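Here is a set of short exercises to work through at your own pace. Keep the sequence and the 3D view open beside you, and try each task before reading its solution.

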Amino acid sequence: MQIVDVGDNAAQQRQMAELLTIGFRQHWPESWPTLEDALEEVAMVLRAGCARAALDDEGNVLGWIGGLPEYDGNVWELHPLVVHPQCQKRGIGRALVADFEQQVKARGGLTIQLGTDDVREMTTLANVDLYDNLWEKIARIRNLKGHPYEFYLKCGYKIIGVIPDANGRGKPDIYMGKRVE
Ligand SMILES: CC(C)(COP(=O)(O)OP(=O)(O)OC[C@H]1O[C@@H](n2cnc3c(N)ncnc32)[C@H](O)[C@@H]1OP(=O)(O)O)[C@@H](O)C(=O)NCCC(=O)NCCS
């Protein structure tokens, strides 16, 4: 596997869009319901930020990661990240995140932030009053159904906040961040 810049390659961008629809279908089907939506997302990320793809020996896209600059480039939003369902749990996601951190460092970024939604009651932060004892609830968070916040914890990210009701009542967005070193 190698991780490369995503260039002006229509076939590669189509594979990236397909991966978005396949990878997010199970837990976030509302994210990119059609291939056209996903193609627009790929184009937006390439226009506004940067993207890197993990390829197999035949050049097939196994996963990809995107980033968008914020706060004059001091902060980068990690968005999106997806690994093909058949290739998950083999270290590709972790490798893409590590590579992205180097990309951000090279561009002078200081912090990476991301939002990871809980739309399907996958964590103990769903369906509770996050305006009551928020930081205790964050400290006691538990993963009920394989929510990716735990993947990011393993990559060194910390929970830095929540947006209550981001996806409807009781369906928060969990904000995570990591200093770029
Ligand atoms: C989240 C995702 C990118 C992880 O990619 P991956 O290639 O499977 O991750 P890795 O194999 O590098 O995993 C690194 C570690 O995180 C763990 N991990 C991965 N996904 C996890 C999950 N959903 N819940 C808990 N732990 C997880 C792995 O078990 C591994 O742990 P270990 O180092 O103790 O063995 C991938 O599952 C995916 O594309 N999911 C669908 C889209 C998505 O959720 N994107 C992120 C939205 S914010």
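The exercises below go from the overall fold to single residues, each with a worked solution.

This is a predicted model, in which local features need pLDDT of at least 70, side-chain atom pairs count only at pLDDT 80 or more, and totals for chains, interfaces and linings use all residues. Residues are numbered from 1 along each chain as its sequence is written.

**Exercise 1. Take stock of the fold.**
Task: list the helices and strands of the protein in order, and find how compact the protein is.

Solution.
Step 1. Count the elements: there are five helices and seven strands. Helices (H or I, at least four residues) and strands (E, at least two) are DSSP runs, numbered from the N terminus.
Step 2. Read them from the N terminus on, and the order is β-α-α-β-β-β-α-β-α-α-β-β.
Step 3. Check the radius of gyration, which is taken over C-alpha atoms, against the globule rule, 2.2 Å times the number of residues to the power 0.38. The protein has a radius of 16 Å, close to the 16 Å that the rule gives for 181 residues, so it is as compact as a globular protein of that length.
Step 4. For the outline, the C-alpha trace spans about 50 × 35 × 30 Å along its principal axes.

**Exercise 2. Lay out the sheet.**
Task: give the strand order, and explain why β1 and β6 each have one side without a neighbour in the sheet.

Solution.
Step 1. Two strands pair if DSSP finds at least two bridges between them. The seven strands form an open sheet in the order β1-β2-β3-β4-β5-β7-β6, with mixed pairing.
Step 2. β1 (2–5) and β6 (158–163) are at the edges with a single partner strand each, so one side of each is left without a neighbour in the sheet.
Step 3. From one strand to the next, the twist averages 25°. Axes are lines fitted to C-alpha atoms, for helices over the stretch in contact, and angles run from 0 to 180 degrees between N-to-C directions.
Step 4. Start at the β1 edge: β1 and β2 run antiparallel and are joined by four bridges, with Q2 opposite L55 in β2.
Step 5. Move on to β2 and β3, an antiparallel pair with six bridges, where A54 has G63 in β3 as its bridge partner. Their hairpin has five residues between the strands, and G59 takes a positive phi near 90° there.
Step 6. Finish at the β6 edge: β6 pairs with β7 (residues 173–179) in the antiparallel sense over five bridges, and K158 has G177 in β7 as its bridge partner.

**Exercise 3. Place α1 and the core.**
Task: find which strands α1 lies across, which of its residues are buried, and which residues touch the most other members of the largest nonpolar core.

Solution.
Step 1. Helix α1 (residues 10–24) lies across β2 (50–55), β3 (61–70) and β4 (75–83), at about 90° to β3.
Step 2. A residue is buried if 20 or more other C-beta atoms lie within 10 Å of its own, exposed if 12 or fewer, and partly exposed in between, with C-beta atoms placed from the backbone. In α1 the buried residues are Q12, Q13, M16, A17, L19, L20, T21 and G23.
Step 3. Their cover includes α2 (35–48), β2, β3 and β4.
Step 4. A nonpolar core is a set of buried Ala, Val, Leu, Ile, Met, Phe, Trp, Tyr and Cys residues joined through C-beta atoms within 7 Å. The largest has 35 residues, of which M16, L20, A53, W64, I65, L78 and L96 touch the most other members. β4 gives the most to this core, with five residues.

**Exercise 4. Check some single residues.**
Task: find the cis peptide bond, then decide whether N127, N133 and A139 are exposed or partly exposed.

Solution.
Step 1. The bond from H79 to P80 is cis, with omega near -10°, and P80 is in strand β4.
Step 2. N127 lies in the loop between β5 and α4, and its phi is near 55°, a positive value in a residue other than glycine. With 13 C-beta neighbours inside 10 Å, N127 is partly exposed.
Step 3. N133 lies in the loop between β5 and α4 and has a positive phi near 55°. N133 has 12 other C-beta atoms within 10 Å and is exposed.
Step 4. A139 is in helix α4 (residues 134–139), and its 9 C-beta neighbours inside 10 Å make A139 exposed.

Key: Two residues are in contact if their C-beta atoms, placed from the backbone, lie within 7 Å.
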